[in-house]
Amino acid sequence: MQASTEVKWTTRSPRRLAGALLALVLAATAAAPARAGEAERIAELEKQVAALKAEVAALKSATAQGAPPAVAEIERKIEVLAQEIERIKLGEAAVEADRSDWGLGPAASKIYRKAQGVSIGGYGEMLYQGFDDTRDDGARSGRTDELDFLRAVFYFGYKFDSKWLFNSEVEYEHASTGEGGEVSVEFAYLDYLHRPELNFRAGMVLLPVGFVNELHEPTVYLGAKRPDVERVILPTTWRENGLGLFGDVGDFSYRAYLVNGMDASGFTASGIRGGRQKGALAKAEDLALVARLDWHGVPGLTVGASAYRGDSGQGLTTAAGAGIDATTTILEGHAEWRYRGLELRGLWVKAEIDDVAALNARLGLSGANSVGEELSGTYLQAGWDVLSVFGSGQAALIPYARWETFDTQSAVPAGFLRGAARDVESLTVGVAWKPIDRIVFKADYQDYDNGAGTGVDQVNVALGYTF
């Protein structure tokens with residue numbers, strides 16, 4: 001309806017506009033949860049807002065002494081309503097990064113609580129590392145202190161309907177694509193949510209191993225840095241292309257995928273981290289299976305295990321033309337108990353690789369530079385929120401300690417040497433402060449020892465956030 005060009009201001013005009021505004025607010029509120037035909041409803045709401053604005057403008061021009069006070073209040077409410085319409089467009093209505101779903105971090109899980117539409121979340125980390133000037137053997141360490149904006153991560157998801165959704169993570173590393181940084185897709189997959197016990201996933205997926213590979217937002221793990229065992233032996237963040245199943249059955253949760261195998265040409269004496277293919281033109285001559293099972297039968301307690309197995313040769317051959325399978329097997333067990341402010345966590349992992357002698361020859365590795373036939377690691381961690389005693393609400397102050405041991409050459413083929421520096425033990429002690437549950441500041445000290453006496457201790461300070 002077109003606004004009249006000649007408007008007479010009466011005492012009924014504010015009431016009429018207020019009534020129209022109230023109807024508009026009610027319509028917008030009803031439209032937010034009802035997603036079918038949402039675009040049409042938003043378009044109609046926008047037309048009504050425009051009509052009200054035109055009517056207010058006409059009332060202003062028709063009043064010789066300026067706009068009545070009621071008009072200013074109506075304009076304020078119209079602006080609030082316009083912001084609400086924009087929020088509905090973005091699909092962000094009332095979804096917070098406050099809980100985990102299907103093993104993902106709170107921010108990554110937001111899409112699962114959407115009725116329909118777009119979900120946006122993310123996290124970030126900045127890390128200072130201050131290194132000791134000397135190694136354990138007294139030699140100069142040669143390490144340079146660093147202050148790095150480690151990650152800026154954004155989650156983009158879309159809920160098509162109650163069954164189908166898309167979820168993704170895009171990571172900007174080291175604040176630049178020029179100084180050793182890069183932009184990477186950490187995961188991007190489609191889910192079909194059939195029922196709690198059985199759901200389907202396809203795309204680039206995070207492998208369900210350990211604690212941190214899936215659940216790696218900085219507010220949900222202790223330590224300024226991720227545990228070394230979950231970085232070296234379990235090469236977090238580990239993602240590959242594939243498809244699989246996930247769900248909850250009683251007190252158990254599971255995830256199982258078929259993915260492209262690793263690429264053994266990237267294996268080194270330092271571990272298998274270089275064998276990740278990260279979904280980029282991934283070689284798929286060899287595939288792998290990965291599965292995880294967790295039990296949650298006691299409140300606050302999680303006990304579980306994961307397994308990975310697949311060939312990693314991806315077409316590699318010996319000089320004589322024989323195939324190199326480089327079959328890679330990883331077994332991992334974990335347990336966590338949370339009781340009031342107490343957090344206890346433990347993890348054990350062992351990896352085995354076949355055909356390592358042939359692989360070493362193909363890669364030109366000799367002596368102590370052999371790829372490990374066996375890799376192993378363990379860590380134990382404890383933390384306690386001292387503010388939980390005082391019922392501090394969202395704020396938390398958590399002293400913590402973590403002991404780790406790992407070796408990327410627990411065993412090597414005959415004719416090769418184990419590098420003493422690969423056998424590492426460390427102790428991390430620190431404190432995490434959360435002013436609110438989505439912001440964290442961490443500081444810790446790490447004492448590193450290895451068989452060669454070349455360990456370098458360090459101090460770390462980090463900040464992190466999720467949204």
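Me: Where does Thr237 sit in the fold?
Reply: Thr237 lies in the loop between H4 and E6. Those labels are DSSP runs numbered from the N terminus, with helices (H or I) of at least four residues and strands (E) of at least two. The peptide bond from Thr236 to Thr237 is cis, with omega near -5 degrees. Most peptide bonds are trans, in general.

Me: What kind of model is this, and what rules apply to its residues?
Reply: It is a predicted model, in which local features need pLDDT of at least 70 and side-chain atom pairs count only at pLDDT 80 or more, while totals for chains, interfaces and linings use all residues. Residues are numbered from 1 along each chain as its sequence is written, and side-chain values use heavy atoms, with hydrogens and water left out.

Me: How do you know which parts to read with care?
Reply: Look at pLDDT, the predictor's confidence in each residue, from 0 to 100. The chain has a mean of 88, and 85% of its residues reach 70 or more. Over residues 1-15, however, the value is below 50, and this stretch has 13 contacts in the model beyond near neighbours in sequence. Residues 20-36 also stay under 50, with 28 contacts beyond four places in sequence. Where pLDDT is low, the predicted coordinates should not be read in detail.

Me: Why is Asp228 called buried or exposed?
Reply: Buried means under 20% relative accessible area, exposed means over 50%, and partly exposed is in between (1.4 Å probe, protein chains only). Asp228 has 1%, so it is buried. It sits in the loop between strand E5 (198-206) and helix H4 (229-232). Across the protein chain, buried residues make up 45% of the 467 residues.

Me: What makes Asp228 and Tyr448 a polar contact?
Reply: The rule asks for a pair of N or O atoms within 3.5 Å; within protein, one must be able to donate a hydrogen and the other to accept it, and residues adjacent in sequence count only if both atoms are side-chain atoms. The side chains of Asp228 and Tyr448 are joined at 2.6 Å, so the pair qualifies.

Me: Which residues does Asp228 touch?
Reply: A contact means heavy atoms within 4.5 Å. Leaving out residues up to four places away in sequence, Asp228 touches Ile233, Glu404, Phe406, Ser426, Gln446 and Tyr448. Ser426 is 198 residues from Asp228 along the chain, with their C-alpha atoms separated by 9.0 Å.

Me: How do you know that Asp286 has no salt bridge?
Reply: A salt bridge needs a side-chain nitrogen of Lys or Arg within 4 Å of a carboxyl oxygen of Asp or Glu. For Asp286, the nearest side chain of opposite charge, Lys283, is 9.6 Å away, so the cut-off is not met. Asp286 is nonetheless buried. Its side chain reaches the backbone nitrogen of Gly313 at 3.3 Å and that of Gln314 at 2.6 Å. Asp286 is found in the loop between strand E7 (252-260) and strand E8 (287-295).

Me: What makes Arg239 and Glu186 a salt bridge?
Reply: Their side chains meet at 3.2 Å, N to O, so they satisfy the rule. Arg239 lies in strand E6 (residues 239-249) and Glu186 in strand E4 (residues 183-195), so the pair ties together parts that are 53 residues apart in sequence. Arg239 and Glu186 are both buried. Elsewhere, salt bridges that share partners join Glu336, Arg338, Glu343 and Arg345 into one network. The whole structure has 19 salt bridges.

Me: Why is Arg99 classed as it is, and what about its partner Asp101?
Reply: Arg99 has a relative accessible area of 44%, so it is partly exposed. Asp101 has 14%, so it counts as buried. The two form a salt bridge, the closest N and O atoms being 3.4 Å apart.

Me: What makes the phi of Ala175 worth a look?
Reply: Its phi is near 60 degrees, a positive value in a residue other than glycine. Most residues other than glycine have a negative phi. Ala175 is found in the loop between strand E3 (164-173) and E4, and with a relative accessible area of 62% it is exposed. Asp355 also has a positive phi, of about 60 degrees, although it is not a glycine. At 35%, Asp355 is partly exposed.

Methods
Lys and Arg count as positive and Asp and Glu as negative; His and the chain ends are not counted.
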